Every structure is written in structure tokens, then in C-alpha cells.
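Welcome! Here are some short exercises with worked solutions to help you find your way around a new protein. Keep the viewer open as you go.

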Amino acid sequence: MIPPKATPSMGLNHQGFNNISTLVDLLRQKAVKNPNQQGYTFLEDGKIESESLTYKKLDQRARAIAAHLQSLNTQGQRALLLYPAGLDFLCAFFGCLYAGVIAIPAPPPEASRLKRTLPRLQAIAKDARATITLTTLGIMSLVEEYRQQVPEFQQMQWLDSQAITLELAEQWQPPAIESDTLAYLQYTSGSTSSPRGVMISHKNVIHHCNNLQKSCGYTPDSVTVTWMPYFHDYGLIEGLLEPLYNGTPCYVMSPVAFIKRPFRWLEAISRYKATHSQAPNFAYDLCVRRINSQQWEQLDLSCWRAAGNAAEPINPEVLTKFTETLNPCGFSPKAFCPAYGLAEATLLVSSSPENETFISTKFLASELEKSHIVPANSDSADLVRTIASCGRLIRDVKVAIVNPYTLKRCTADEVGEVWVSDPSVAQGYWQRPDATEETFLAYIQDTREGPFLRTGDLGFLYQEQLYITGRIKDVIIIRGTNHYPQDLEWTVQKTHCSLRPENGAAFSIEVNGEERLVIAQEIERGYRETLDIDEVIIKIRQAIFEHHELELYAVVLLKRGTLFKTASGKIQRSSCRASFLNNTLEIVGGWTANQVSAKQQNFNQQVEEQLIAPRDQRELQLVNICQKVFGTAPISVTDNFFELGVNSLLIVCLFTEIEREFGKKLPLSTIFETPRIEQLAHRLQQLDEETPWNSLILLNPGQPYKPPLFLIHDADGEIILYQNLARRLAGNRPVYGLRPYGKSGYPVLHTRFKDMAAHYIEEIRKIQPTGPYLLGGLCAGGNLAFEMAVQLQHQGEKSSTVILIESWDVKNPLNLNISNQRLQSFSKLITESQNLKKLERLGYIFNKAQRKVRNLISYLVKKRREEVQNYLKINLYRYCLDKKLSLPQFLQNITVRSLLIFDAQHYVPELYQGQVVLFRASEVIITDNPSIDDVPAIQLSSNPLMGWDKRVTKKIEVYDLPGGHSSCLQEPYVQVLAEKLEACIAEAILKEKK
């Protein structure tokens with residue numbers, strides 16, 4: 001797709017927009033002057049265009065939400081905005097502005113991290129005294145049980161913005177707001193105990209967007225690609241609001257999509273000819289490390305004029321390496337725009353201008369430590385520190401370098417605190433007058449110039465460039481996220497009774513250009529002789545990771561009374577940091593991730609005892625792969641992946657790298673059976689020896705006295721999709737997954753429904769010798785579970801309970817023909833184009849229809865060719881299997897799905913006399929995308945029971961679920977499935993006892 005080209009009336013220079021004083025004025029006038037201009041497009045998984053918003057559509061949805069809020073009398077109140085990646089946030093954000101409600105963009109809760117995300121949301125809600133939460137039904141379901149336990153959540157009204165009808169838009173009344181009216185609260189990231197809400201007005205944003213437009217090279221043909229989260233000031237201001245101010249298109253992808261595949265970010269920039277895109281320093285480093293040369297060759301980045309780099313300390317080496325690597329792709333050194341900013345200034349204070357190569361300058365390190373600026377000569381023998389410039393000051397921004405202790409202006413060759421003055425500077429901190437006065441109303445003592453914003457950052461101006469050298473503030477910034485040291489210290493001091501409360505220091509040091517975390521902690525005197533140092537350090541590392549998702553660089557345990565403090569008892573973290581670097585702390589014991597000197601041997605005792613190095617070439621290869629994918633080192637061959645904090649995204653990356661390195665494709669479910677490198681290496685050895693792998697995998701151990709639940713793989717042969725369900729089931733029930741039986745060279749040893757079911761019965765009898773059984777599965781897994789129940793019935797076993805999740809009888813006619821869906825989608829063109837003029841409408845319909853016909857023909861031809869190829873491949877595969885012949889290479893990638901689809905033409909399920917429970921997804925999905933992976937089965941079937949009523953003698957229990965065909969097993973919808981499934985299991989067990 002070629003991005004729409006902006007016209008002069010679309011916003012640049014704002015001709016006819018002189019009366020814009022609020023964000024409401026901005027969007028309203030865009031909707032009037034360019035109603036059908038595409039403003040935002042969301043890229044699902046960073047690639048597929050899944051939804052878009054024109055200015056008219058965004059305005060309409062915002063007015064509808066605002067009208068609903070106005071009916072609740074909410075003007076001036078605060079509303080939390082909790083949304084997954086997508087465009088719903090923008091509608092809710094402007095809905096709040098249209099209603100005069102103060103918006104609070106906040107990170108949405110995540111099912112896998114509720115212990116960390118919910119306390120922060122609670123703290124924000126309490127501080128802001130929020131009365132409303134705008135979100136989605138999925139997130140509301142996720143936090144439902146916690147809402148009753150958290151007073152702040154109970155007091156708020158929770159609204160599903162997607163359920164608000166567009167008809168309400170006509171009832172909207174413009175709010176009584178002005179340029180100085182508070183638009184939103186930007187809560188600083190990091191602290192959960194005392195978050196601070198920065199008060200951003202409409203004037204702050206409008207003024208800052210104007211500054212960015214002129215300083216960052218935005219023109220009528222600009223295009224933005226952003227993956228930065230909406231609750232981050234970088235993502236909200238320059239990622240989302242600046243394109244609106246300019247009237248230029250913006251393509252949005254989720255942060256997860258970037259982290260999973262960094263290539264998708266650069267691919268989107270290349271595809272849409274993006275001119276502007278921003279990210280923190282670590283993102284550019286990730287691209288260099290994770291993208292291979294074959295992918296580089298697909299990119300054309302000559303369009304990228306402004307690659308913003310801010311939100312965390314900038315590493316000059318990363319800038320250089322990224323530029324050198326991407327130069328063959330057309331990326332220019334002049335495109336890099338290192339910048340400096342903070343939420344309290346709305347966003348940026350300085351940025352490198354367009355068409356100006358980024359600057360890195362070497363200074364004498366010894367002088368910088370003394371707050372003196374001395375450039376280093378090229379032949380200097382002294383230690384030097386290379387610092388990346390953060391560019392020139394934006395427009396009329398005024399910066400003063402001030403001594404933070406005397407509050408007097410520094411001389412030109414001194415390092416001092418950066419003070420900022422500009423209309424973009426926020427109004428202060430919400431409900432914190434003392435902190436506001438201290439931070440936002442600073443005056444230079446000798447000249448009484450002011451007021452200034454005190455940034456808490458140390459820096460200097462050199463040759464009209466701003467350089468940042470460090471921070472006065474104790475806040476620790478790692479990968480763009482702020483972490484307050486007192487939070488980290490409190491976490492540490494709760495881990496072991498030997499650690500002295502209020503006598504620890506958390507600080508960061510620079511290691512190879514990255515900020516790394518160090519903990520220095522005193523121990524109580526009575527524990528010194530008997531203390532198990534290894535145990536304490538392990539607990540500290542685990543607690544920091546679990547509660548803050550940070551990896552420690554070092555832990556040092558100190559003698560009582562040796563921690564640096566002021567006379568009033570305040571911890572001197574900067575002094576602790578300096579002594580740590582100078583090796584002058586009085587250390588009892590410790591650990592460090594960097595084993596570099598004999599002096600630090602006592603640090604490494606725990607690592608040396610715990611770390612088991614690779615013992616053969618296969619383990620060495622796996623260690624290297626894991627360290628690359630997980631981004632952590634060292635890794636022992638006995639480390640458990642899940643204890644390292646590995647998530648499903650990293651598992652996918654890991655198995656992709658293993659397939660590339662070893663040429664062997666492992667099922668994702670292998671991770672449950674072999675969660676350690678030594679086990680994974682053994683599995684790869686088994687594949688070399690053609691040893692069949694186990695079909696039965698334990699997903700959740702549970703209590704052994706409870707009847708286990710057996711879940712059969714889906715049509716792709718995977719069971720990892722049951723991971724969330726196994727964890728969510730109440731009552732600590734044992735859950736097993738059954739995957740296809742295979743071995744190296746033969747991915748599947750059974751190719752028919754009946755043969756697979758018979759093998760799986762043999763497997764489950766190893767765990768549960770006699771029935772009744774609890775059997776279930778998604779899609780084809782449900783068919784296999786049903787066949788197992790039928791065979792067990794013939795063997796005289798007690799009736800099993802069969803749980804069918806989004807599963808239909810193979811003989812039930814389903815509308816699986818994508819061509820039918822494509823034909824039906826033609827009718828939508830009429831509706832989509834109804835607001836266009838006659839000639840524009842005809843042109844729109846013709847262009848769209850032409851593309852759809854071309855895609856339909858291509859799909860039908862491809863589908864028929866694949867059917868013939870599969871017929872030949874499967875019959876040849878079965879022949880080789882029966883004759884025990886070695887498989888040709890082209891047959892070794894045959895899929896479980898193709899085998900099951902082929903066998904379904906001949907397989908006829910028999911009548912079953914036991915209990916069957918059918919779970920149906922209910923989320924309606926309308927899409928032109930040919931994939932039907934998440935379309936609910938009920939949407940494709942004319943039979944509400946999906947044909948199962950013809951296969952059973954008892955009444956089928958039916959339950960409807962939120963989510964789609966596969967997403968019903970994913971967060972946040974899986975919680976509903978787990979609750980209903982556990983209730984069904986409990987009822988089935990009760991009936992059996994009676």
C-alpha cells in the first residue's frame with residue numbers, strides 16, 4: 001500500500017487553523033476540512049493492516065464517547081485509559097478531551113504480570129482520585145476478581161468504550177475548555193509507591209507539536225511509523241499526536257510486535273516510506289543484534305529522514321553500529337536524531353536537526369568527574385568518555401546550566417543541572433504543591449531569572465549542542481523505564497531477615513554502554529558468622545526480577561554501619577556508587593555478572609557454584625542461542641527457562657533459532673518436557689538417533705489425588721496453546737497435553753484419526769489406568785478427544801466427559817471457503833463509499849473490487865494446486881511409513897493439519913453415549929483477510945451445535961465464550977473458559993459419585 005499523500009490544506013503550517021487553541025479544536029477542524037483523510041492505521045503483528053481511522057471516523061467515535069461521559073456529569077473528573085495495542089485508545093483519549101474529562105493514559109494490566117501491573121494502577125488511581133476507567137471488555141474481565149478487592153477499583157465506574165453506540169455522537173455538546181485547561185495526566189514510569197502525575201494542558205501539547213513540526217523536519221509528505229506505547233510521552237506526543245497536528249498518516253504497531261520481531265519495525269518504515277519514527281537506544285541495538293543480512297537486503301530506508309533516539313541514555317557505539325549496518329539499505333547518518341526530553345517538558349528539550357550528522361564528542365573522564373568540561377585530544381593518553389550529543393535546543397526553548405547546590409548559573413566549562421523554560425513545560429505535579437514549587441518554579445539565585453523546570457539531569461552546552469552526563473535524581477533509567485531506588489531497596493530488604501531495613505542503596509553504573517543495576521545492602525551484625533551468602537543473593541536476584549523485571553549486574557553485602565549516609569540519615573547513593581567503582585566498599589560477600597578480576601572473585605562465588613558450563617558441542621550451541629535470544633549471560637545448562645523469566649514470545653524465537661542452527665523443527669510443547677539446556681540437548685540427540693518422542697506432556701502438576709484433564713493437540717499438532725488454560729484452572733488440577741507421536745525423519749507416526757486416538761489412549765492409561773476420563777481439545781483436538789471416548793466406550797470403560805472447545809463434527813458442513821467470504825465482502829464496498837461523491841464513489845468501488853477479484857482468483861488457483869499436491873504427498877508419506885522407508889526431504893515437512901484434513905474425507909465418527917460439553921467462541925470478526933484462524937466456528941456453521949447433536953445420545957451442554965476461535969484460549973478471555981470448564985468438571989465428577 002502506498003501511503004496517502006498529504007495536501008497543503010492537511011495541516012502543515014495550519015493555513016486556516018489559526019484559531020486552534022485546544023486538541024479538541026485540532027481534531028474537529030481536521031474532521032471538517034479533511035474528513036476522509038486516513039489518519040491512523042494499526043498493523044496487527046506489525047504487518048497486517050487490521051483497522052484504520054479517518055479524521056471523520058475518529059471525531060465521530062470521540063464525540064460518541066464524550067456524549068456518554070457528559071451524560072454521567074464527568075467534566076473535570078479523571079479517567080484511567082487502559083487499552084491493548086490498537087486504535088481504541090485514541091478514540092477514548094479524544095473522547096475524554098471532548099467531554100472535558102482529564103485523561104490518564106496508563107499501561108494496561110497483563111495477565112502474566114498482574115502482581116506487578118495492578119499495584120501500580122491502584123497507586124495511580126488513588127493519587128489521581130480517578131472516578132472512571134475506559135477500557136475494553138477483555139481487560140474488564142481480566143481484572144474482574146481484583147476489582148472487588150481494591151477499594152480504588154470498586155469506587156470507579158468501568159466503561160467498555162467499544163460498546164458505546166455511534167448514534168450518541170449527535171448528542172455531544174462542546175465542552176467549556178480553554179488552552180490552559182488540563183488535558184491529561186502523564187504519570188512518570190517506575191514508582192508504584194508514590195507515582196507523580198505531570199499535568200499537561202492543551203496549550204502545552206499544541207505549542208510542543210508546533211515546535212516539533214518546525215524542528216524535526218515535518219513536511220506535507222511526512223509519514224510516521226510508531227511502536228512506542230501510548231502511555232509513554234514519546235509514544236503519545238511524537239508517535240500519535242504530532243501526525244494529527246501535521247495532518248500526515250501514522251502507522252501504529254504494538255511494542256510486543258517490535259520486541260518479537262524487530263525487523264517488522266524497519267519493514268514497515270520501508271514499506272510505507274516513513275520519514276519519521278522514534279525509539280529508545282535499546283531498540284536500535286536490538287535491530288542490529290536480531291536482524292540478519294538476508295532481511296537487511298529487503299529494506300529500503302532511504303525514506304527515513306528523522307530517526308529519533310531518546311527516552312534513555314544514548315550509546316554512541318549503538319548509533320555508529322546501526323548507521324554502518326543499515327547504510328547499504330539507504331539509511332543516512334544524517335537521519336539519526338538523538339534527543340533529550342522529559343515528561344515534565346511535555347516531551348523534548350533538544351533534538352538533532354534534520355540533515356545534520358549526529359555528533360559524538362570525547363571528553364576527559366577525570367575532568368568530567370570533577371564537573372569540568374575538557375575536550376580530549378585525539379592523541380590523549382588519559383581516559384576519555386565519549387558522549388553523544390542530544391542535539392540543539394528546540395526552537396525557542398531556553399536552557400540554563402545551574403549548580404544544583406548553590407543554584408547559581410555555571411560557567412561555560414562546567415557541568416551542572418539542566419534547567420528548562422518554555423511554554424511546553426507542564427503545569428506541575430497533580431495534587432503536589434510542594435513538589436511542584438520545588439521542581440517547576442526554580443529561580444537562579446544570583447540573577448533571579450525564572451521560573452525554570454529543574455530536570456534533575458546533569459549536563460552542559462558545548463558548541464550549541466546539549467550533552468547529558470548523568471542524573472542528580474536518584475531515578476534509575478534502564479531500557480527507557482524509570483525505576484526509583486527506594487522501591488528496589490524495599491523489595492530487597494523484604495527478602496531475608498538478615499538484611500537491615502533502610503540501610504541499602506540501589507544505583508546504576510554504565511557497563512559497555514548500558515545502564516546496569518547494582519544493589520549494596522548492609523546485613524545485621526548477628527548474622528555475619530552464619531549467613532548463607534549464596535542463599536541471600538539468589539533471593540535478592542529473584543525478588544528484583546519478579547517484582548521489577550530487572551536483571552542485576554551486582555549485589556554487594558556490606559558490614560553494618562558502612563553504608564554512606566548524610567548527617568540526617570539520608571542514603572548517599574552517589575557515594576555508594578563511587579565506592580563500588582573504586583572497590584572501596586567494606587564487603588562481606590557478593591556476586592557480579594562480570595567476572596573480570598581476582599579482586600572480584602568473592603563476588604563470583606555463587607555464580608561459579610551454580611553455573612554448569614556446556615559439556616559438549618550441542619550444549620555449547622544451545623547456550624549461545626539462549627544467551628542471544630534471552631539477552632542474558634551467563635546461562636547454565638541446568639537453568640530452568642521459566643525461572644529465567646522466559647515468555648511465549650521468547651520461546652518462539654528460541655525454537656526458530658534452534659531450527660536454523662540444527663535444521664530440526666521441534667514442537668513448541670517440547671519446552672514443557674525439556675525446560676533446561678541439558679534436556680533440550682538430549683532431545684536433539686534423540687532426534688539424531690531417531691528415537692520417538694513422548695506424546696504425553698505434563699502442563700500443570702496439580703494435586704495427584706485429583707482426576708487429571710487430558711487436552712489433545714490442535715490441528716497444527718501443538719499443545720502450547722493450552723498453557724494459559726492449565727495455569728488458570730482452579731483447584732490445582734493436573735493437566736496433561738497430548739501431542740502427535742513422531743521421531744526424527746517422521747514428524748507424525750499416525751496419520752488417521754482412529755490410529756491417533758488409539759495411541760493417545762495407551763498414553764493416558766500410563767497416568768490413569770481406568771476411567772472415567774476428562775478428555776478435551778480445541779478444534780481437531782476435540783474430534784480426537786471424541787474418538788478416544790468412543791473407543792474407550794467400546795473397551796467397556798465408564799463414560800468419559802468430552803470437552804469440545806471450538807470443535808465441529810468433521811461431517812458437519814462448514815462455510816470454510818474463503819472465496820465465499822470474499823464474495824460477501826463486495827457488498828461492504830457500497831456501505832463504505834456512501835459518503836463519497838458519485839464519481840469518487842465509482843472510482844473507489846472499481847479500485848477495491850478490482851483488487852478483490854484479483855485476490856480471489858489467485859486464492860482459488862492456489863487452493864486447487866495445494867489440494868492436488870497434498871493428495872500426492874500424503875499417499876506417498878503413508879506408503880513410506882508402512883514400508884518403513886526413509887522419507888524424502890520434501891516429505892519431512894508434512895503437517896499434522898494436512899493429514900487430518902485428508903483423513904476427514906473418509907473418517908466417520910460413531911455414536912457416543914457419554915456426556916459432551918461444547919464451548920463456543922462468540923466474538924464476531926469481520927475481516928477481508930483470508931486467514932480464518934480466529935473466526936468463531938459458530939460463525940461458519942449453520943448448525944448451532946456444530947453437528948455434534950447427531951453423534952450423541954445425551955443432551956449437549958453448551959457454553960458461549962468471549963474471544964475468537966483461538967483467542968478464547970489466550971489472555972484475557974481464557975479466564976472465562978477456565979472458570980466455566982472447572983465448573984463443568986466439578987459437576988461431572990459429582991454426577992459420577994452419585
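Two strands pair if DSSP finds at least two bridges between them. Keep in mind that this is a predicted model.

**Exercise 1. Work out how strand β1 is joined to strand β2.**

Solution.
- Find β1 at residues 38–44 and β2 at residues 48–54.
- Count the bridges: six join the two strands, which run antiparallel.
- Pick one pair to check by eye: L43 has E49 in β2 as its bridge partner.
- Now look at the connection. Three residues lie between β1 and β2, which form a hairpin. In the turn, D45 has a positive phi of about 60 degrees.

**Exercise 2. Describe the open sheet that contains β24, and find its edges.**

Solution.
- Start with the order: four strands, β24-β25-β26-β27, make up the open sheet, and their pairing is mixed.
- Next, the edges. Strands β24 (499–511) and β27 (587–592) each pair on one side only.
- From one strand to the next, the twist averages 15 degrees.
- Zoom in on β26 (residues 552–558) and β27: the two run antiparallel and are joined by five bridges. Here A554 stands opposite T592 of β27.
- Finally, add the helix. Residues 573–581 form α19, which lies across β24, β25 (514–523) and β26. Helix α19 runs at about 65 degrees to β24.

**Exercise 3. Decide whether helix α31 is mostly covered or mostly open.**

Solution.
- Locate α31 at residues 896–903.
- A residue is buried if its relative accessible area is under 20%. By that cut-off, V896, S898, L899, L900, F902 and D903 are buried.
- That makes six of the eight residues in α31, and the helix is mostly covered.
- For the wider setting, 54% of the protein's 994 residues are buried.

**Exercise 4. Find the largest cavity and say which elements line it.**

Solution.
- Rolling a probe the size of a water molecule over the atoms shows where empty space is left.
- Searching the whole structure gives two cavities of 30 Å³ or more. The largest has a volume of about 60 Å³.
- Its lining includes C216, Y234, E238, Q278 and C337.
- Assign the lining to elements: α9 (233–246), β12 (306–309), β13 (336–341) and β14 (348–351) each supply at least two residues.
- The largest share, three residues, comes from β12.

**Exercise 5. Sum up the whole protein: how many helices and strands are there?**

Solution.
- There are 32 helices and 34 strands.
- The accessible surface comes to about 43400 Å², and carbon and sulfur atoms hold 49% of it.

Note on methods. Residues numbered from 1 in each chain as written. Predicted model: local features only at pLDDT ≥ 70, side-chain atom pairs only at ≥ 80, totals over all residues. Heavy atoms only, no water. Axes fitted to C-alpha atoms, helices over the stretch in contact; angles between N-to-C directions. Contact = heavy atoms within 4.5 Å. Buried < 20%, exposed > 50% of the residue type's maximum accessible area, 1.4 Å probe, protein only. Areas by Shrake-Rupley, 256 points an atom, 1.4 Å probe, with all protein chains shown as cover. 1 Å grid on protein atoms, 1.4 Å probe; cavity = no way out; pocket = protein on both sides within 12 Å on 5 of 7 lines; lining within 4 Å. Points joined across faces, edges and corners; volume = space filled by probe spheres on them.
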